[in-house]
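Take a look at the chain below. We start with its aromatic rings and work outward from there.

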Amino acid sequence: MRIFQVDAFTATRFTGNPAIVVLDADGQNDATMQAVAREFAHAEVAFVLAANAADHDVRLRFFNARKESPL
């Protein structure tokens with residue numbers, strides 16, 4: 001997994017909303033994603049996975065410290 005903190009909703013570094021994004025999350029189980037989300041003090045962590053249908057490029061799952069968010 002590659003884990004990044006990015007500044008969302010801004011074009012200026014170190015402003016906006018900090019967000020955790022995990023790339024290459026394929027193969028990680030729910031328990032691992034939950035553990036990663038607990039590690040960071042953010043509202044939610046985004047996990048980027050390969051698409052599972054032809055009508056989209058990637059799949060996203062969001063977890064917070066307690067559960068997966070139904071987005």
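**From one ring pair to the whole chain**

In this predicted model, the count of aromatic pairs comes to one. The partners are Phe47 and Phe63, and they meet edge-to-face. Their ring centres are 5.6 Å apart, with 85° between the planes. Phe47 sits in strand β3 and Phe63 in strand β4 (residues 58-63), so the pair ties together parts that are 16 residues apart in sequence.

Are these two rings buried or exposed? Buried means under 20% relative accessible area. Phe47 has 0% relative accessibility, so Phe47 counts as buried. Phe63 has 2%, so Phe63 is buried as well.

Both rings belong to the largest nonpolar core, which has ten residues. The other members are Ile20, Val22, Ala25, Met33, Val36, Ala37, Val45 and Leu49. Three elements each supply at least two residues of this core: β2 (17-23), α1 (30-39) and β3 (45-50). In soluble globular proteins, nonpolar side chains tend to be buried together.

Now pick out Ala37. Leaving aside residues up to four places away in sequence, Ala37 touches Val45, Phe63, Asn64 and Ala65.

Step back to the whole fold. The chain has one helix and five strands. Along the sequence they run β-β-α-β-β-β. The C-alpha atoms fill a box of roughly 35 × 30 × 20 Å along the principal axes. Of the 71 residues, 24% are buried. Among contacts between residues at least 6 apart in sequence, 33% join residues at least 24 apart.

Last, the surface and the charges. The chain exposes about 5,000 Å², and carbon and sulfur atoms supply 53% of that area. There are 7 positive and 9 negative charges, and their mean positions are 6 Å apart.

How values were computed: Residues are numbered from 1 along each chain as its sequence is written. This is a predicted model: local features need pLDDT of at least 70, side-chain atom pairs count only at pLDDT 80 or more; totals for chains, interfaces and linings use all residues. Side-chain values use heavy atoms; hydrogens and water are left out. A nonpolar core is a set of buried Ala, Val, Leu, Ile, Met, Phe, Trp, Tyr and Cys residues joined through side-chain atoms within 4.5 Å. Buried means under 20% relative accessible area, exposed over 50%, partly exposed in between (1.4 Å probe, protein chains only). Helices (H or I, at least four residues) and strands (E, at least two) are DSSP runs, numbered from the N terminus. Contact means heavy atoms within 4.5 Å. Rings of Phe, Tyr and Trp (its six-membered ring) pair if their centres lie within 6.5 Å; planes under 30 degrees apart count as stacked, over 60 as edge-to-face and the rest as tilted. Accessible areas come from the Shrake-Rupley method with a 1.4 Å probe; for residues, only the protein chains shown count as cover. Lys and Arg count as positive and Asp and Glu as negative; His and the chain ends are not counted. The place of a charge is taken as NZ of Lys, CZ of Arg, CG of Asp or CD of Glu.
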